[in-house]
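Here is a set of exercises to work through with the model open beside you. Try each task on your own before reading its solution.

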Amino acid sequence: MVNLVLIGLLVVFCIGYWRFVDIQRWWWQRQYATQVLSAQDKQLLLQYMPIYRNLSAHERAQLERHIVWFLGEKRVLGRDGLKVNRAMAVIVAADACLLVLQQAWPLYPNVKEVLLYPSSYYASQTSTDAAGLVNYHTAIRQGESWPGGTLVLSWHDVLEGNRLPGDGHNLVFHEFAHQLDQQTGSTNGTPALPKEISYQQWGEVLTRAYQRLKTQLAYQMPHTIHSYGATNEAEFFAVVTETFIEKPSQLRREEPELFNLLVQYFRFDPSHWHPSY
Ligand SMILES: [Zn+2]
């Protein structure tokens, strides 16, 4: 009899574990069903997030649902004396959720918290030279994405990224793109891909575009993707994500193969978010 109870409990546990995400989603649907952004929150997005103004009604509704979920599940904390208010948390969540607009909850499953500094901040870092000596120094940073699930952002740069939605720079898009990349366990410019995209195809298309950027820089040719993308493959993916959302028309003209792959990966085409292009 005891054995039967134990087997029963084991079966229930296995089914629960196997269906854990489904059960969690069902719970969230109930929990967040009645929670919506206030009129004040939406006004704030209209004022500070130009891309939000150009989203379709369906996209806006989807983004707002995501923001509610994000604010319920992640912490946004101030550093260096910065007091984070609702408005600041909504803007950070909105930018973060735009990247994963077409994804299902849980969004960024590894992310636990976002730390906001008032502006650029000093971070200590170490490097080891050829002789094996470790050097300690400080570097000025605007943001970081840690594999453990913490993001660090300069609030000043979060606002700047939103103020000019077509310049190809958005700190939140950049750092959260690193989080997408890090979901696989390594930071190498290859996030977890949907089954429609093979890892071989992703590697070939991104490598070609990465090499082209390096050539453009070497010969001082014009380029749409910011030069920082040539740092390494991980930075290339983060910078390309910023370019894709903020300069879609230019990226499609210059790198059509890469642009189409990103449309497939993100499951949206941001072209209509920039009516002036
Ligand atoms: Zn980066």
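The exercises below go from the whole chain to its sheet, two of its helices and one loop residue.

Before starting, note that this is a predicted model, in which local features need pLDDT of at least 70 and side-chain atom pairs count only at pLDDT 80 or more, while totals for chains, interfaces and linings use all residues. Residues are numbered from 1 along each chain as its sequence is written.

**Exercise 1. The whole chain**

Task: Describe the secondary structure, extent and burial of the chain.

Solution:
- Step 1: The chain holds twelve helices and six strands. Both kinds of element are DSSP runs numbered from the N terminus, helices being H or I with at least four residues and strands E with at least two.
- Step 2: Along the principal axes, the C-alpha atoms fill a box of roughly 75 × 55 × 45 Å.
- Step 3: A compact globule of 277 residues would have a radius of gyration near 19 Å, and the 21 Å of the chain agrees with that. This radius is taken over C-alpha atoms, and the globule rule is 2.2 Å times the number of residues to the power 0.38.
- Step 4: Of the 277 residues, 34% count as buried. A residue is buried if 20 or more other C-beta atoms, placed from the backbone, lie within 10 Å of its own, exposed if 12 or fewer do, and partly exposed in between.

**Exercise 2. The open sheet**

Task: Work out the strand order of the open sheet and how its neighbours pair.

Solution:
- Step 1: The four strands lie in the order 1-2-6-5, with mixed pairing. Two strands pair if DSSP finds at least two bridges between them.
- Step 2: Strand 1 (75-78) and strand 5 (143-146) are the edge strands, each pairing on one side only.
- Step 3: Strand 1 pairs with strand 2 in the parallel sense over four bridges, and Val76 stands opposite Val114 in strand 2.
- Step 4: Strand 2 and strand 6 also run parallel, joined by five bridges; Leu116 has Leu153 of strand 6 as its bridge partner.
- Step 5: Strand 5 and strand 6 (residues 150-154) run antiparallel and are joined by four bridges, with Glu144 opposite Val152 in strand 6.
- Step 6: The hairpin of strand 5 and strand 6 has three residues between the strands, and Gly149 takes a positive phi near 110 degrees there.

**Exercise 3. What lies on the sheet**

Task: Which strands does helix 7 lie across, and which does helix 8 touch?

Solution:
- Step 1: Helix 7 (residues 155-163) lies across strand 2 (113-117), strand 5 and strand 6, at about 75 degrees to strand 6. Such angles run from 0 to 180 degrees between N-to-C directions, with axes fitted to C-alpha atoms, for helices over the stretch in contact.
- Step 2: Helix 8 (residues 171-182) packs on the sheet and touches strand 5 and strand 6, making about 15 degrees with the direction of strand 5.
- Step 3: Strand 2 is mostly covered, with four of its five residues buried.

**Exercise 4. Helix 9 and helix 12**

Task: Why can the buried residues of helix 9 be said to line one face?

Solution:
- Step 1: In helix 9 (residues 199-218), the buried residues are Leu206, Ala209, Tyr210 and Leu213.
- Step 2: Seen down the helix axis, these buried residues fall within an arc of 100 degrees, so they line one face. The arc is that of the directions from the helix axis to the C-beta atoms.
- Step 3: On the face turned away from the buried side are the exposed residues Gln200, Gln211, Thr215 and Ala218.
- Step 4: The buried residues of helix 9 pack against helix 10 (233-246) and helix 12 (256-266). Contact here has its cut-off at C-beta atoms, placed from the backbone, within 7 Å.
- Step 5: In helix 12, Leu258, Phe259, Leu261, Leu262 and Phe266 are buried. They fall within an arc of 165 degrees down the axis of helix 12, so they too line one face.
- Step 6: The cover over these residues of helix 12 includes helix 9, helix 10 and helix 11 (248-254).

**Exercise 5. A loop residue**

Task: Is Thr184 buried or partly exposed?

Solution:
- Step 1: Thr184 sits in the loop between helix 8 and helix 9.
- Step 2: Thr184 is partly exposed because 13 other C-beta atoms lie within 10 Å.
- Step 3: Beyond its neighbours within four places in sequence, Thr184 is in contact with Thr190, Pro191 and Ala192.

Note on methods:
Contact = placed C-beta atoms within 7 Å.
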